Amino acid sequence: MTKNSFLSVISPEEKEENRGSVEFQVFCFTNKIRRLTSHLELYKKDYSSQRGLRKILGKRQRLLAYLSKKNRVRYKKLISQLNIRELKTR
């Protein structure tokens, strides 16, 4: 696995300016999730990594829920850029 296999949706200028934005945090969590998922395909019994993956998934889910409540347009744009599914509505 190479580090460059994960696409960067956010430009370098935006990375420097908006590190605290919800979009940037979701982008970073998505990269971590993809990296951990590929790791777990090789090491199926790595339970510590499974726990870490579940924690990161929960954090990303909470951030996406927040973004969908505050700004639905930005949420839809981010979902389409990162190619992830929408949140389940309760």
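I count Ala, Val, Leu, Ile, Met, Phe, Trp, Tyr, Cys and Pro as nonpolar, Asp, Glu, Lys and Arg as charged, and the others, Gly among them, as polar. I am reading a predicted model, where local features need pLDDT of at least 70, side-chain atom pairs count only at pLDDT 80 or more, and totals for chains, interfaces and linings use all residues. Residues are numbered from 1 along each chain as its sequence is written, and side-chain values use heavy atoms, with hydrogens and water left out.

**Pocket**

I looked up the largest pocket (on a 1 Å grid over the protein atoms alone, an open set of points where a 1.4 Å probe fits, with protein on both sides within 12 Å along at least five of seven lines). Its volume, the space filled by probe spheres set on the points, is about 400 Å³. It is lined by 13 residues, and Gln61, Arg85, Glu86, Leu87 and Lys88 are the closest to its centre. Lining residues have an atom within 4 Å of a point. By class I find six charged, five nonpolar and two polar residues in the lining.

**H2 and H3**

Next I took the helices (DSSP runs of H or I, at least four residues, numbered from the N terminus). H2 covers residues 22-42, and it packs on H3 at an angle of about 155 degrees with the axes 9 Å apart. I use axes fitted to C-alpha atoms over the stretch in contact, and angles from 0 to 180 degrees between N-to-C directions. H2 and H3 are therefore roughly antiparallel (over 145 degrees). The crossing is left-handed (the near helix turned anticlockwise from the far one by less than a right angle). Contact means heavy atoms within 4.5 Å. Among the H2 residues that meet H3 are Phe29, Ile33 and Leu36; the H3 side includes Leu53, Ile56 and Leu63. I note 13 nonpolar, seven polar and four charged residues in this contact.

**H2 and H4**

The axes of H2 and H4 come within 11 Å and cross at roughly 25 degrees. That makes the pair roughly parallel (under 35 degrees). This crossing is right-handed (clockwise). Glu23, Val26, Phe27, Thr30 and Arg34 of H2 touch Arg74, Leu78 and Leu82 of H4.

**H3 and H4**

H3 (residues 47-70) and H4 (residues 72-82) pack at about 135 degrees, axes 6 Å apart. That makes H3 oblique to H4 (an angle outside the parallel, antiparallel and 65 to 115 degree perpendicular ranges). Leu64, Leu67, Ser68 and Lys70 in H3 meet Arg72, Arg74, Tyr75, Leu78 and Ile79 in H4.

Note on methods. Helix = DSSP H or I, 4+ residues; strand = E, 2+ residues; numbered from the N terminus.
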